[in-house]
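Here are a few notes from my pass through the model. Have a look at the sequence and the 3D view before reading on.

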Amino acid sequence: MMRTRPLKVALLGCGVVGSEVTRIITTHADDLAARIGAPIELAGIAVRRPNRVRAGVPAELLTTDATALVKRGDLDVVVEVVGGIEPVRTLITTAFEHGASVVSANKALLAADGAGLHAKAAEHKVDLYYEAAVAGAIPLIRPLRESLAGDKVNRVLGIVNGTTNFILDKMDSTGAGYSEALDEATALGYAEADPTADVEGFDAAAKAAILAGIAFHTRVTIDDVYREGLTEVTAADIASARQMGCTVKLLAVCERAPDGRSVTARVHPAMIPLSHPLASVREAYNAVVVEAEAAGRLMFYGPGAGGAPTASAVLGDLVAACRNKLAATTGAGESAYTRLPVSPMGDVVTRYHISLDVADKPGVLAQVATVFAEHDVSIDTVRQQGRDGEASLVVVTHRALDAALSATVSSLRKLDTVRGVASIMRVEGE
């Protein structure tokens with residue numbers, strides 16, 4: 001039996017995602033009511049520029065006073081699609097204090113202070129949902145929190161930023177350089193006017209922190225995540241990857257240590273074999289591979305950004321939060337019982353692809369190999385090309401500690417026969 005009194009929902013932000021959320025709530029009102037068990041009523045929409053034209057958004061619902069909106073006391077759910085840290089953190093905690101559950105797409109805030117937000121939600125017996133914070137429309141947070149709650153997740157490996165995947169895909173498929181590929185991404189609307197958050201890996205690092213915390217039941221913040229962007233990736237790196245039967249992707253990698261006593265979370269460009277499922281992820285799509293003890297390898301794939309895909313994830317959370325309100329209960333909160341430490345990047349073990357510019361003369365390879373051996377870094381393959389007294393030497397290692405590889409590179413730079421280190425890239429997805 002459906003309740004006739006509506007559940008009141010407020011929206012913070014009405015940009016691309018917020019407008020799409022409003023449209024879906026309005027046009028699919030009957031279906032949403034049937035799925036929830038009660039109708040939804042949009043009670044207010046907080047915006048910074050109320051005079052801006054927003055097709056399909058009732059002007060009478062707009063307000064510039066977000067604080068007054070979340071303090072109303074009669075709201076059931078607040079949907080936050082503004083982004084940033086403050087004043088959003090204060091608005092969300094104020095909503096909790098006044099009895100409203102919160103649905104958020106704010107990866108930056110959750111990666112910085114997810115623990116504090118979860119604690120505040122638990123204190124006031126309300127929900128905090130954030131499926132839209134990672135990988136857009138792809139159902140990922142809920143499967144990790146609920147479907148795999150009885151399993152042990154050991155690794156999460158994924159492409160979680162569409163802008164960088166588009167850039168690397170264009171570099172791989174057309175031979176373009178980084179700047180050319182970025183210009184195309186910007187022209188098509190895949191990259192922001194200031195692409196720093198994407199291309200320097202900040203966006204992916206925030207998502208990695210969220211995924212690692214949920215997957216390993218421990219607290220991980222963005223400050224715990226090692227981060228490298230893709231601005232140093234060259235067309236030569238892409239070409240070298242192809243010679244190895246690989247492609248280059250900006251990956252978020254979250255791993256449980258083999259002894260189970262720590263975890264790592266990192267974001268960086270990496271070569272992956274063309275046979276790996278992530279290698280075929282093209283354009284601005286996202287994909288995440290989850291490796292669990294009982295379930296094995298699972299892959300989640302789909303559009304990772306955009307108004308409609310992100311709104312889909314928001315609406316899924318909104319339905320869940322509204323159902324809980326009707327049942328006078330809450331969903332799963334934070335699970336951080338393992339309290340596992342996050343190991344530094346120096347403790348990470350992986351393979352490496354190192355390209356060196358060296359003198360083209362006898363004994364160079366032996367010198368380089370000796371340096372690797374001195375630092376206990378085992379060489380898998382070597383490829384050398386030389387001409388007119390100069391040569392390039394490409395070394396692929398077996399798995400080694402990041403700290404050992406860093407020491408190796410430092411020693412290589414001191415050799416008279418090594419003109420420079422052209423590039424260093426990790427190799428993942430074995």
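The points below go through two helices and then some strand pairing.

1. Just to keep it in mind while reading: this is a predicted model.

2. Start with helix 1, residues 16-27. At 1.5 Å a residue its 12 residues should span 16 Å, and the end C-alpha atoms sit 17 Å apart, so the length agrees with expectation.

3. Which residues of helix 1 are buried? The set is Val17, Gly18, Glu20, Val21, Thr22, Ile24 and Ile25. Note that Glu20 and Thr22 appear there along with Val17, Val21, Ile24 and Ile25. As for what covers the buried residues of helix 1, the list includes strand 1 (7-12) and strand 2 (40-46), plus helix 2 (29-36) and helix 12 (307-327).

4. Next, helix 10, residues 202-216. From first C-alpha to last, its 15 residues reach 21 Å, close to the 21 Å expected at 1.5 Å a residue. Helix 10 is also mostly covered, with 14 of its 15 residues buried. Right after helix 10 comes His217, and its phi is positive, near 55 degrees. If you check backbone torsions, that's one to look up.

5. Now strand 17, residues 418-427. Strand 10 (residues 263-273) runs parallel to strand 17, and 2 bridges join them. Ala270 has Arg426 in strand 17 as its bridge partner.

6. Strand 17 also pairs with strand 13 (residues 349-359), here in the antiparallel sense and over 8 bridges. To find this pairing in the viewer, pick Ile354, which stands opposite Ile424 in strand 17.

Notes: Residues are numbered from 1 along each chain as its sequence is written. This is a predicted model: local features need pLDDT of at least 70, side-chain atom pairs count only at pLDDT 80 or more; totals for chains, interfaces and linings use all residues. Side-chain values use heavy atoms; hydrogens and water are left out. Helices (H or I, at least four residues) and strands (E, at least two) are DSSP runs, numbered from the N terminus. The expected span of a helix is 1.5 Å times one less than its number of residues. Buried means under 20% relative accessible area, exposed over 50%, partly exposed in between (1.4 Å probe, protein chains only). Contact means heavy atoms within 4.5 Å. Two strands pair if DSSP finds at least two bridges between them.
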